[in-house]
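Open the model in a viewer and keep the selection panel at hand. Each stop below gives a selection to make and then says what is there.

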Amino acid sequence: MRSGLHERDCRSGGRSDGCGCSTLSFHGYKVIVKDIDATSLQQIPRKIERNIRNYRMISPALREWETDGILSRIAVTDTYEHFAEVSWVIENITEDWEAKSRLYRELGEVCSKDTFYGANTSCISPTKLASLLDKQQILVEDSPGFVSNRLSHLFMNEAAFLVQEGVAKPRQIDLMFKKGYSHKMGPLETADLIRLDTVVRSLDVLYKEYGDSKFRCCTLLRKMVDAGLLGRKSSQGFYHY
């Protein structure tokens, strides 16, 4: 079921009517819905088909939604198989602290430590939920790109310039970051993971917002996107997958 071509996966716990699943799938994400109720799992494809029909009638912009394609990227399960591979988990179980704390403990045992979590809660404190995930909050001021994206996109952009100028090859650059700075991934590996077209769009936004030439997108990045070399999504970017 898994291949090197799949996009970041989003897993959802709890009962689902398929709304979020179909939206994620339409945008190219592979989705696995986990539920403890077998009957609910069996009903999900039918609910998604019904919702898509309703979406098409309500909004002309959604008429391009194609049922078979959307369903082909959605799987249902009652186990945690493949959760070690996911980048996102979207939790949507009952509003009960004991149930949620049990769920997050289970997820902590099967998911990567780099997994992001989307918690759904109406009354339970997000801070209390965060205490189960071994995550630390860093509060920064509002700013386009905030902190991590402003820095990471500078790394990715300058790394692309180094490749364009023939100073170093992608693997050499990434190895320097991993060995020299103890980064888990190099900037060009990261660019391939999040998609080069996403990197280009983000750089364009930062350049527009700040008017600073340091965010000027590398020509090589634009050429690669124009050629359909988007990274892991297309099986080739700075690396082959």
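The tour goes from the whole chain to one helix, then to the core, the salt bridges and a surface patch.

**Whole chain**

Start with everything shown as a cartoon. This is a predicted model. The protein has 10 helices and five strands, and its C-alpha trace spans about 60 × 40 × 35 Å along the principal axes. Of the 241 residues, 36% are buried. Switch to a surface: the accessible area comes to about 14400 Å², with 53% of it belonging to carbon and sulfur atoms. Among contacts with a separation of 6 or more, 64% are between residues 24 or more positions apart.

**Helix α7**

Select residues 170-180, which are helix α7. Which residues of α7 are buried? Show side chains for Pro 170, Ile 173, Asp 174 and Phe 177, and those are the buried ones. Look down the axis of α7: the buried residues fall within an arc of 95°, so they line one face of the helix. An α-helix has 3.6 residues a turn, so residues three or four places apart point the same way. Now turn to the other side of α7, where Arg 171, Met 176, Lys 179 and Gly 180 are exposed.

Add α6 and α8 to the selection; the cover over the buried residues of α7 includes both. Helix α8 runs over residues 187-194. Just after α7, pick Ser 182, which takes a positive phi of about 60°.

**The largest nonpolar core**

Next select Ile 173, Leu 188, Leu 196, Val 199, Leu 221 and Phe 238. Out of the 19 residues in the largest nonpolar core, these touch the most other members. Helices α6, α7, α8, α9 (196-210) and α10 (219-226) each supply at least two residues of this core. Ile 173 has come up before, as one of the buried residues of α7. In soluble globular proteins, nonpolar side chains tend to be buried together.

Center the view on Val 199. Leaving aside residues up to four places away in sequence, Val 199 touches His 153, Met 156, Ala 191, Ile 194 and Leu 221.

**Salt bridges**

How many salt bridges are there in the whole structure? A search finds seven; three are visited here.

- Select Lys 178 and Glu 189, whose closest N and O atoms are 3.0 Å apart in a salt bridge. Lys 178 lies in helix α7 and Glu 189 in helix α8, so the pair ties together parts that are 11 residues apart in sequence. Lys 178 is partly exposed at 30% relative accessible area, while Glu 189 is buried at 17%.
- Move to Arg 195 and Asp 197, a salt bridge with its closest N and O atoms 2.6 Å apart. Arg 195 counts as buried at 17% relative accessibility, and Asp 197 counts as buried at 9%.
- Go on to Lys 113 and Asp 114, where the closest N and O atoms of the salt bridge are 4.0 Å apart. Lys 113 is exposed, at 59%, and Asp 114 is partly exposed, at 43%. Add Lys 184 to see a network of salt bridges linking Lys 113, Asp 114 and Lys 184.

**A nonpolar surface patch**

Finish with the surface on and select Ile 138, Val 140, Phe 146, Val 147, Leu 151 and Phe 155. Together they form a nonpolar patch with about 570 Å² of accessible area. Leu 151 sits in helix α6, residues 148-164. Is Leu 151 buried or partly exposed? Its relative accessible area is 48%, so Leu 151 is partly exposed.

Key. Residues numbered from 1 in each chain as written. Predicted model: local features only at pLDDT ≥ 70, side-chain atom pairs only at ≥ 80, totals over all residues. Heavy atoms only, no water. Patch = residues over 30% accessible without salt bridge, like charges linked within 9 Å, V, L, I, M, F, W, Y side chains within 5 Å. Areas by Shrake-Rupley, 256 points an atom, 1.4 Å probe, with all protein chains shown as cover. Salt bridge = Lys/Arg side-chain N within 4 Å of Asp/Glu carboxyl O. Helix = DSSP H or I, 4+ residues; strand = E, 2+ residues; numbered from the N terminus. Buried < 20%, exposed > 50% of the residue type's maximum accessible area, 1.4 Å probe, protein only. Arc of directions from axis to C-beta. Contact = heavy atoms within 4.5 Å. Core = buried A, V, L, I, M, F, W, Y, C linked by side-chain atoms within 4.5 Å.
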